[in-house]
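Hi,

Here is the structure I said I would pass on. Have a look at it first, and then read my notes underneath.

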Amino acid sequence: MSFDLDAVRAQFPALAIKDDGVRRIYLDNPAGTQVPRMVADAMSACLLSANANLGGHFRTSQAATEIVNSARDAMADLLNAPSSDEIVFGQNMTTITMHISRSIGQLLRPGDEIILSRMDHDANVWPWVLLATQLELEVKWLPFNTDTFEFDLDVLDDLITERTRLLCVGGASNMTGTLNDVETICAKAKAAGVLTYIDGVQSVPHVATDVQAIGCDFLACSPYKFFGPHQGVLWGRRELLEQLEPYKVRPATSAIPECFETGTQSHEGFAGVKAAVDYFAWIGQSMAGASSGRPALRAAMDMLFAYEKLLATQLIEGLLDIDGVTVQGITSPDAMERRVPTVAFTHDKVAPGYIAESLAKENIFVWNGHYYAVEVAKALNIHEAGGAVRIGPVHYNSAEEIDELLAALRRILAA
Ligand SMILES: Cc1ncc(COP(=O)(O)O)c(C=O)c1O
């Protein structure tokens, strides 16, 4: 049993599309992945045969309720949540965070301190800065070391005081690709009675996630970054979800988790999320020999990460070989455990926008800019110069695609 790239690629119709006879190379995955056919089929089946609101006595309503419940169960398995009652769905991670941050704010008082990170996407920064302004909280910043692209965790020890109430940090950076040691970070926070809100948007697609092992209080992620539809998901510790006052309308239930889901949800989105988790389970069972449920998901994630590390090593080695390129992230082949395969780079003469546009002409899809990692781009001193080119392989990319990308880059940068 081993990773079978051909079998994986056959699941994704988008990978076979050609434009004027030219193949597509999808390396824009940190911004959103392609979906396997089973995800599109599940969404379509939901729309075509279970299209109703929840809680009715009739068949379509019961089918929709079943879809919603099974999606919660699937996400609880993926994140190893103790219960699916702790899984909140929403439009995307940013909207969920904006929304729940208002409720978390009810636990805070003027003069309380919150710690935000300079390595985070703005979705785990600005909702909290807005809250701090409204509630007169003090914001303290956790910097990262711009040589190692990692946090120096002794700095965190100095930042935590008896007034610290909340720490918000990412599982992985959407720019540098650094995988943070969230277990240690949360242990430090917990020892000081500080709540933790983890942005798992860029870590959940790449590594097995276990909210109980991490020891966090909240973890948010975005299924459209792990082969599902445009949805956001939040896990919150039950005692906290029960304690928080939800922002909801009067007739809506006060029960968790639904009380945090405003209005009617995208049930087809739930169906797609469940299918995306089933896709991982299929990999775990068919390629890693795991039984089912959480063990299959864990086996799949471990297998996919091992493969992605190979792609990351190949990509980084190739980039470092090109004159004028600086990789804005961890590059040591021995340290691939400490990063996801998202690789950002700058060139000393050519602007990121020009590089991304030139690659697009060859039907190779990559991003340029700061991708809302505003603090990261500022810390790396690349914000004003247009950020960086970001190449984000996932497990459906091949070594041949990375070779093609590198060959294209060498041509573009030599011209
Ligand atoms: C690390 C990180 N956090 C949060 C977000 C925002 O996610 P969403 O689009 O689900 O709001 C992104 C999106 O790229 C991200 O990369």
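Below is what I found, going from the sheet to one of its strands, then to the helices and the ligand.

One thing to keep in mind throughout: this is a predicted model.

Let's start with the sheet. Seven strands make it up, and it is open, with mixed pairing. If you want to trace it across, the order is S4-S10-S9-S8-S7-S5-S6. At the edges sit S4 (87-90) and S6 (138-142), each of which pairs on one side only. From one strand to the next, the twist averages 20°.

Now pick out S8, residues 195-199. Is it buried or exposed? Five of its five residues are buried, so the strand is largely enclosed by the rest of the structure. In a regular strand, side chains alternate between the two faces of the sheet. You can follow the two directions here: Leu-195, Tyr-197 and Asp-199 point one way from S8, while Thr-196 and Ile-198 point the other way.

Which strands does S8 pair with? One is S7 (residues 164-170), which runs parallel to S8 over five bridges. In that pairing, Leu-166 is found opposite Leu-195 of S8. To get from S7 to S8 the chain passes through helix H7 (residues 182-191), and this β-α-β crossover is right-handed. The other is S9 (residues 218-221), again in the parallel sense, with three bridges. There, Tyr-197 stands opposite Phe-218 of S9.

S7 has a further partner in S5 (residues 113-117): the two run parallel and are joined by four bridges. If you'd like a pair of residues to find by eye, Leu-116 stands opposite Cys-168 in S7.

On to the helices that go with the sheet. H3 (residues 59-79) lies across S4, S9 and S10 (232-236), and runs at about 115° to S4. H4 (residues 93-105) packs on the sheet as well, touching S4, S7, S8, S9 and S10. The direction of H4 makes about 35° with that of S10.

Last, the ligand. Which residues come nearest to it? Of the 14 residues around it, those are Asn-92, Thr-94, His-121, Asn-174 and Ser-222. Sorted by class, the shell has nine polar residues, four nonpolar and one charged.

If you only have a minute, I'd look at S8 and its five buried residues, and then at the shell around the ligand with its nine polar residues.

Cheers

Definitions and conventions. Residues numbered from 1 in each chain as written. Predicted model: local features only at pLDDT ≥ 70, side-chain atom pairs only at ≥ 80, totals over all residues. Buried ≥ 20, exposed ≤ 12 C-beta atoms within 10 Å, placed from the backbone. Pairing = 2+ DSSP bridges. Right-handed = clockwise from strand over helix to strand, strands pointing away. Near = placed C-beta within 6 Å. Nonpolar A, V, L, I, M, F, W, Y, C, P; charged D, E, K, R; others polar. Axes fitted to C-alpha atoms, helices over the stretch in contact; angles between N-to-C directions. Contact = placed C-beta atoms within 7 Å.
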